[in-house]
Amino acid sequence: MSRLKGWKYVAFLSAFVGGIGLATYPIIIYPMTHIEDYKKSQEENRAQLDQSRLRPEVAGNMNKWTDPFERKNND
């Protein structure tokens with residue numbers, strides 16, 4: 001098994017780092033640089049939802065969620 005030396009080593013490292021960069025660009029960098037596009041699509045998608053199905057307290061037939069571990073004051 002031979003070791004990479006010189007320009008082959010640099011080319012391998014460059015390809016490795018470049019591959020990681022290409023893989024993370026559409027996942028991390030693009031959404032952070034195009035925030036308005038994602039906000040607009042989120043508003044459009046939320047406008048189509050029926051809130052009474054997602055939040056039962058809006059429909060009036062269930063109580064809001066309460067924390068079961070919340071300590072009650074006995075003052």
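Me: Over residues 6-30, how much of the chain is helix and how much is strand?
Reply: That stretch is 96% helix and 0% strand, with its end C-alpha atoms 34 Å apart. Helices here are DSSP runs of H or I of at least four residues, strands E runs of at least two, numbered from the N terminus. This is a predicted model, where local features need pLDDT of at least 70, side-chain atom pairs count only at pLDDT 80 or more, and totals for chains, interfaces and linings use all residues. Residues are numbered from 1 along each chain as its sequence is written, and side-chain values use heavy atoms, leaving out hydrogens and water.

Me: What does UniProt list for 6-30?
Reply: An unreviewed UniProt entry lists "transmembrane region" there. Such annotations may be inferred rather than shown by experiment; positions follow the numbering used here and feature names are shortened.

Me: Where does α1 bend?
Reply: At Y25, by about 65°, and P26, a proline, follows within four residues. The bend is the angle between axes fitted to the seven residues ending there and the seven starting there.

Me: OK, confidence. Which element has the lowest mean pLDDT, and which the highest?
Reply: Helix α4 (residues 56-59) is lowest at 60, and α1 is highest at 93. pLDDT is the predictor's confidence in each residue, from 0 to 100. Where it is low, don't read the predicted coordinates in detail.

Me: And the protein's average?
Reply: It averages 83, and 80% of the residues score at least 70.

Me: Back to α1: how far apart are F12 and F16 along it?
Reply: They sit four residues apart in α1 (residues 7-33), so about one helical turn separates them.
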